[in-house]
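Hi,

Here is the structure I promised to pass on. Have a look at it first, then read my notes underneath.

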Amino acid sequence: LDENQQAIVSHDFIPSFSGSDDQNYWHFSFAIPFPSTSSKIILKRNQVIISERIVSKNSPIVEINPVNSLGNDLFQVDWSASDNDNDQLFYSVLYSPDGIYFSSTGLAIDYNGEPFDFNAQAYYAGSNQAFLRFIVSDGVNTTTADTPAFVVSNKPPLAVILSPDVNSSFDFNQTISFEAL
């Protein structure tokens, strides 16, 4: 909507969701035109408003200090985020062993605490150039900031069997399909 609450752009879509029930969230994303005269974004389902965001003028501000090693692949990052429009902020934190490819699943989704504690003992690849990326959004404007590089110790690969369940039983000649990470 523009400042007179008139629709500037309307876009119908059928969302393709990703996520899972055990993560307690599902998400979808796509790109649509975003005119500079927009003042509000409204999401409707069958003409009923299910969400709306006011388009503020300022993006969030993020400040990150170097990563503090607490020893044994435990880390803490002192950081802060603010918004000159006093909008509610939403946070996510991602990990990268190389500063190029960041994890597609966040270390923290809708994280709202400071400082950020990070346990890299088991699941995160070792690296001499690891980074954390903080993504801060007011619901429309988004700012990303990366930590300075830090060292995460190398560790052997870890395989986790997701299915079949521990208490599953099978016939002698039955084919068993495994799902693993």
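Let's begin with the largest nonpolar core, bearing in mind that this is a predicted model. This core has 21 residues, and the ones that touch the most other members are W79, F116, F118, L132 and F150. If you want to find the core by strand, look at β7 (74-77), β8 (79-82), β9 (90-96), β11 (116-119), β12 (127-137) and β14 (150-152), as each of these gives two or more residues to it. The top contributor is β12, with four residues. As background, nonpolar side chains in soluble globular proteins tend to be buried together.

Next, a sheet. Two of the strands that feed the core, β7 and β11, also turn up in an open sheet of three strands, ordered β6-β7-β11 and paired antiparallel. Which strands sit at the edges? Those are β6 (68-71) and β11, and each of them pairs on one side only. Going from one strand to the next, the twist averages 25 degrees.

You can zoom in on one pairing here: β7 and β11 run antiparallel and are joined by four bridges. To see a bridge for yourself, pick Q76 and look across to D117 in β11, its bridge partner. In general, the strands of a sheet pair through backbone hydrogen bonds, and they can do so parallel or antiparallel.

Now for a single residue that I liked: S96, which you'll find in strand β9. Is S96 buried or exposed? With a relative accessible area of 0%, S96 counts as buried, because the cut-off for that is under 20%. A polar atom of the S96 side chain lies 2.7 Å from the backbone nitrogen of G99. Leaving aside residues up to four places away in sequence, S96 touches Y101, F102, Q129, A130 and F131.

Finally, some numbers for the whole protein. How many helices and strands are there? The count is zero helices and 16 strands. The protein has 181 residues, and 23% of them are buried. The accessible surface comes to about 12800 Å², with 49% of that belonging to carbon and sulfur atoms. And if you take the contacts between residues at least 6 apart in sequence, 51% of them join residues at least 24 apart.

If you only have a few minutes, start with W79 and the other core residues, then go to S96 in β9.

Cheers

Key
Residues are numbered from 1 along each chain as its sequence is written. This is a predicted model: local features need pLDDT of at least 70, side-chain atom pairs count only at pLDDT 80 or more; totals for chains, interfaces and linings use all residues. Side-chain values use heavy atoms; hydrogens and water are left out. A nonpolar core is a set of buried Ala, Val, Leu, Ile, Met, Phe, Trp, Tyr and Cys residues joined through side-chain atoms within 4.5 Å. Buried means under 20% relative accessible area, exposed over 50%, partly exposed in between (1.4 Å probe, protein chains only). Two strands pair if DSSP finds at least two bridges between them. Axes are lines fitted to C-alpha atoms, for helices over the stretch in contact, and angles run from 0 to 180 degrees between N-to-C directions. Contact means heavy atoms within 4.5 Å. Accessible areas come from the Shrake-Rupley method with a 1.4 Å probe; for residues, only the protein chains shown count as cover. A polar contact is a pair of N or O atoms within 3.5 Å; within protein, one must be able to donate a hydrogen and the other to accept it, and residues adjacent in sequence count only if both atoms are side-chain atoms.
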